[in-house]
Amino acid sequence: RLAVWAGKPSRSLGKHMLSAYGLDPATTCMVGDRVDTDIEFGRAAGMHTLFVESGTTTAEAAAAAGPEQRPDFIAESIAVLEAALVGEAASD
């Protein structure tokens, strides 16, 4: 057996997850509080990324991160997803 590294920010893990669950990266968003693992993982797999300020990294540091670790969106809390999803359901 060939050993495979599959931790975040592994691109191959992200691609496998998308394929295994039938997800389109264009409509999938990786949410996390670390730019060096969560956000880089999402970007490597081609997903949108949302950084939330629940960890040790600040929003300012996330916004200033290099291109492979800079999130598409920044929010104080994951609670913003509820409003976004409720709004999405209302428009269906």
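How many Å apart are the mean positions of the positive and negative charges of the chain? In this predicted model, the two mean positions lie 13 Å apart, taken over 7 positive and 13 negative charges.

**Figure 1. Order of the secondary structure elements in the predicted chain.** The chain contains 4 helices and 3 strands. Read from the N terminus, these elements follow the order α-β-α-β-α-β-α. Along the principal axes, a box of roughly 45 × 35 × 20 Å holds the C-alpha atoms.

**Figure 2. Burial and contacts in the chain.** Of the 92 residues in the chain, 27% are buried. When contacts between residues at least 6 apart in sequence are considered, 42% of them link residues at least 24 apart.

**Figure 3. Exposed surface and charges of the chain.** The exposed area of the chain is about 6000 Å², and 57% of this area comes from carbon and sulfur atoms. The chain carries 7 positive and 13 negative charges, with 13 Å between their mean positions.

**Figure 4. Buried residues of helix α2 and their packing partners.** Helix α2 spans residues 35-44, and its buried residues are Val35, Thr37, Asp38, Ile39, Phe41 and Gly42. These buried residues pack against two helices, α1 (11-20) and α3 (59-63), and against two strands, β1 (29-32) and β2 (48-52).

**Figure 5. Glycine 46, just after helix α2.** The backbone of glycine 46 adopts a positive phi of about 85°. Glycine 46 follows α2, the helix formed by residues 35-44, and strand β2 comprises residues 48-52.

Note on methods:
Residues are numbered from 1 along each chain as its sequence is written. This is a predicted model: local features need pLDDT of at least 70, side-chain atom pairs count only at pLDDT 80 or more; totals for chains, interfaces and linings use all residues. Side-chain values use heavy atoms; hydrogens and water are left out. Buried means under 20% relative accessible area, exposed over 50%, partly exposed in between (1.4 Å probe, protein chains only). Contact means heavy atoms within 4.5 Å. Accessible areas come from the Shrake-Rupley method with a 1.4 Å probe; for residues, only the protein chains shown count as cover. Lys and Arg count as positive and Asp and Glu as negative; His and the chain ends are not counted. The place of a charge is taken as NZ of Lys, CZ of Arg, CG of Asp or CD of Glu.
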